[in-house]
Amino acid sequence: MDDSIEIVEDAFYQVLRDDSRLECLADGFRFTEGPAWWAAMGCLVFSDIPGDTIYRWTPAEGVSPWRRPSRHANGHTTDLEGNLLTCEHGSRTVTRTSPQGQVTTVAAAFQGRKLNSPNDIVVKRDGTIWFTDPPYGIKPDQREQPANYVFRLDPAATEPVAVASDFSRPNGLCFSPDERLLYIADSDTTIHHVRRFTVSADHTLCGGEVFAVIAPGVPDGMRMDAAGRLFVTAGDGVHVFAPDGRMLGRIHTPQTAANCAFGGPDGDTLFITATSSVWSIRLATRGAGLS
Ligand code: MG
C-alpha cells in the first residue's frame, strides 16, 4: 500500500486498487487549482491562479500552457455540450470555452453589481450551472455584492439567482449522484466545514446541515464518486467520507490540497491540485456525473 493512503475504516479498501499509488504529474507552479477532465479534448485542465495560466495535461504529452493570461482562472467544469466552464478572478466572471476555442461570458453580474470572484462550479444534468462567489480574488474596496453567494444560472438566463446567502467563504461544491443533494464547502478558517442541502424541484435549496468538519486546514474543492462518497480537499490531502458522513480514509499530499477531480479515459483517476504541484491516483471507483 502506498504510504500516502491512510485507512480509517475498512470500507475505504473498496475505493482502492492494489496498484493505487499517488504520482506527481508536475511541480513548480505558484498555486494550483481548478482541475477538470475535459473529455471532449481528452485532457486534464488546471489553473495556476497567481501564475495567470491554465495548463493542460495528457498522459502522452504531459503538461503544457493552454491559456495565458487566464484572467486568473480558478475552478473549472464541463457542461452537457462538451464546453469548458471557467471561474475567473481577474474578470470576475464565469466563461464558457467551446472545444473550437470560442469564449463566451455566461455570468458577470448579480442585481446590477459585479460578482466578487467566482471560485468553483458544477453543472447539473438539466443544464443549470451552480457556482460559488467568495471574495478571495478581489480587494475589499472592489467588492460590490452585499454577501458571498452561491449562485444558480439557468440555461437561458443572463443573470444568476442566489440560492444561498449565509456562507462566509463558499467554495467547492458537488452534487450527489442522483443530484438530489448539493454539498458546499465553507472555507472560512473559523468554520471549515461542508454543508449538505436538499435540492428542491423548483431548484431552491433546503436543509444545509453540517455534513463534515474538515481539519487540518479548510475544505476547498471537492468531488463525489458514483457511490456517493465525498472527496474533499484539506490541509493534508483529500479526505473521503461515506454518504452517511463517516470518515473512510485520507489520501495525503505533501503540500496543502486545494481541489480534486475525477477523470482519465475510464473516469477512475483522481487528480489533485496541491499548492505548487499536481498529483494523480487511480482508484477502484469513478466520478459521479459530469464533474
Ligand atoms: Mg476553490
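The legends below describe close-up views of a predicted model.

**View 1. The whole chain, built from strands.** The secondary structure comes to 27 strands and zero helices. Along the principal axes, the C-alpha atoms of the protein fill a box of roughly 55 × 40 × 35 Å. The radius of gyration is 17 Å, which agrees with the value near 19 Å expected for a compact globule of 291 residues. Of the 291 residues, 59% are buried. Among contacts with a separation of 6 or more, 46% are between residues 24 or more positions apart.

**View 2. The surface and its charges.** The protein exposes about 11,300 Å², and carbon and sulfur atoms supply 48% of that area. There are 26 positive and 36 negative side chains. The centres of these two sets lie 4 Å apart.

**View 3. The largest nonpolar core.** This core has 20 residues. Those with the most contacts inside it are Phe12, Phe231, Val238, Ile251, Leu270, Ile272 and Leu283. At least two residues of the core come from each of the strands β23 (237-241), β24 (247-252), β25 (259-263), β26 (269-274) and β27 (277-282). The largest share, three residues, is supplied by β26. In soluble globular proteins, nonpolar side chains tend to be buried together.

**View 4. Another nonpolar core.** Apart from the largest core lies another, of 15 residues. Its members include Cys87, Val106, Val123 and Ile129. One of these residues, Cys87, is also in contact with Pro118, the subject of the next view.

**View 5. Pro118 and its surroundings.** Pro118 sits in the loop between β12 (113-114) and β13 (121-123). Although placed in a loop, Pro118 counts as buried because its relative accessible area is 0%, which is under the 20% limit. Leaving aside neighbours within four places in sequence, Pro118 is in contact with Asn74, Cys87, Glu88, His89, Arg92, Thr93, Val94, Phe131, Thr132 and Asp133. Pro243 is 125 residues from Pro118 along the chain, and the C-alpha atoms of the two prolines are separated by 27 Å.

**View 6. Arg92, a contact of Pro118 with positive phi.** Arg92, one of the residues in contact with Pro118, lies in the loop between β8 (84-88) and β9 (93-97). Phi of Arg92 is near 60°, a positive value in a residue other than glycine. With a relative accessible area of 8%, Arg92 is buried.

**View 7. The loop between β6 and β7.** This loop, which links β6 (62-67) to β7 (73-78), holds Pro69. The peptide bond joining Arg68 and Pro69 is cis, with omega about 0°. Arg71 lies in this loop as well. Phi of Arg71 is positive, near 55°, and the residue is not glycine. Arg71 has a relative accessible area of 33% and is therefore partly exposed, as this value falls between the limits of 20% and 50%.

**View 8. A cis peptide bond before Pro216.** The bond from Ala215 to Pro216 is cis, and its omega is near 0°. Pro216 is placed in the loop between β20 (205-213) and β21 (222-224).

Methods. Residues numbered from 1 in each chain as written. Predicted model: local features only at pLDDT ≥ 70, side-chain atom pairs only at ≥ 80, totals over all residues. Heavy atoms only, no water. Helix = DSSP H or I, 4+ residues; strand = E, 2+ residues; numbered from the N terminus. Buried < 20%, exposed > 50% of the residue type's maximum accessible area, 1.4 Å probe, protein only. Core = buried A, V, L, I, M, F, W, Y, C linked by side-chain atoms within 4.5 Å. Rg over C-alpha atoms; globule rule 2.2 N^0.38 Å. Contact = heavy atoms within 4.5 Å. Areas by Shrake-Rupley, 256 points an atom, 1.4 Å probe, with all protein chains shown as cover. Lys, Arg positive; Asp, Glu negative; His and termini not counted. Charge placed at Lys NZ, Arg CZ, Asp CG, Glu CD.
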